[in-house]
Amino acid sequence: MGGSSSNTSIAAPATFPDLIATSSAFSSIIPPRAQFRTLTPEDRLLSVIDLVLHGAQREFPVTRDGHVAGVLTQRGLLRGLATRGPQSLVGDAMQRDVPAVDPHETLDAVLGRFEAREWSTAPVLDRGRLAGLLTADAV
């Protein structure tokens, strides 16, 4: 009953990507549709300022006729305000060539695409319909 020592080592805490199995889809981390706001290209940047100041969302999918037309990033919002002013349109400040991800892709695959292309946000499309918004901050 003396002081025997154990050879058990304590593992370092795993980072978030280490906790995700390569085969797991990331659909479980997408917030429900009701938890994020969408904009239209005709919305004014002034109205977006209000959303940012009174909510937690900083990046916004922009839709037209039920389809994703682009994404207004926080950087795009600030650039639009600085160059065009608060009365300018979301459509003039949004990023149009946005990458879309599928909710059934593996998180590893999506993270790889985010890192390789330096994306900050991407709409999640499930069978062509907007199902969520994935941001670099969320993963």
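Reader: Which elements do the buried residues of H2 pack against?
Author: This is a predicted model, in which local features need pLDDT of at least 70 and side-chain atom pairs count only at pLDDT 80 or more, while totals for chains, interfaces and linings use all residues. Residues are numbered from 1 along each chain as its sequence is written, and side-chain values use heavy atoms, with hydrogens and water left out. Helices (H or I, at least four residues) and strands (E, at least two) are DSSP runs numbered from the N terminus, and contact means heavy atoms within 4.5 Å. On these terms, the buried residues of H2 pack against E1, strand E2 (67-72), helix H3 (74-84) and helix H4 (90-93).

Reader: How wide an arc do the buried residues of H2 cover around the axis?
Author: Buried means under 20% relative accessible area, exposed means over 50%, and partly exposed lies in between (1.4 Å probe, protein chains only). In H2 the buried residues are Leu 45, Val 48 and Val 52. They are on the same side of H2, because the arc they cover, taken from the directions from the helix axis to the C-beta atoms, is only 50°.

Reader: Which element supplies the largest share of the largest nonpolar core?
Author: A nonpolar core is a set of buried Ala, Val, Leu, Ile, Met, Phe, Trp, Tyr and Cys residues joined through side-chain atoms within 4.5 Å. The largest one has 11 residues in all, among them Leu 39, Phe 60, Leu 77 and Met 94. At least two residues of this core come from each of H2, E1 and H4. The largest share, three residues, is supplied by H2.

Reader: Which residue forms a salt bridge with Glu 42?
Author: A salt bridge is a side-chain nitrogen of Lys or Arg within 4 Å of a carboxyl oxygen of Asp or Glu, and two are counted by this rule. In the bridge of Glu 42 the closest N and O atoms are 3.4 Å apart, and the partner is Arg 64. The pair links distant parts of the chain, 22 residues apart, with Glu 42 in the loop between helix H1 (16-19) and helix H2 (45-53), and with strand E1 (residues 60-64) holding Arg 64.

Reader: Is Arg 113 buried or partly exposed?
Author: Arg 113 meets Glu 105 through their side chains in a salt bridge, at 2.6 Å from N to O. Its relative accessibility is 23%, and therefore Arg 113 counts as partly exposed.

Reader: Which residue in E4 is the bridge partner of Asp 126?
Author: Strand E3 (residues 121-126) and E4 run antiparallel and are joined by six bridges, where pairing requires that DSSP find at least two bridges between two strands. The two strands form a hairpin with two residues between them, and Arg 127 in the turn has a positive phi of about 55°. The E4 partner of Asp 126 is Arg 129.

Reader: What is the relative accessible area of Thr 135?
Author: Thr 135 lies in strand E4 (residues 129-135). Leaving aside residues up to four places away in sequence, Thr 135 touches Glu 59, Phe 114, Ser 120 and Thr 121. Thr 135 is buried because its relative accessible area is 16%.
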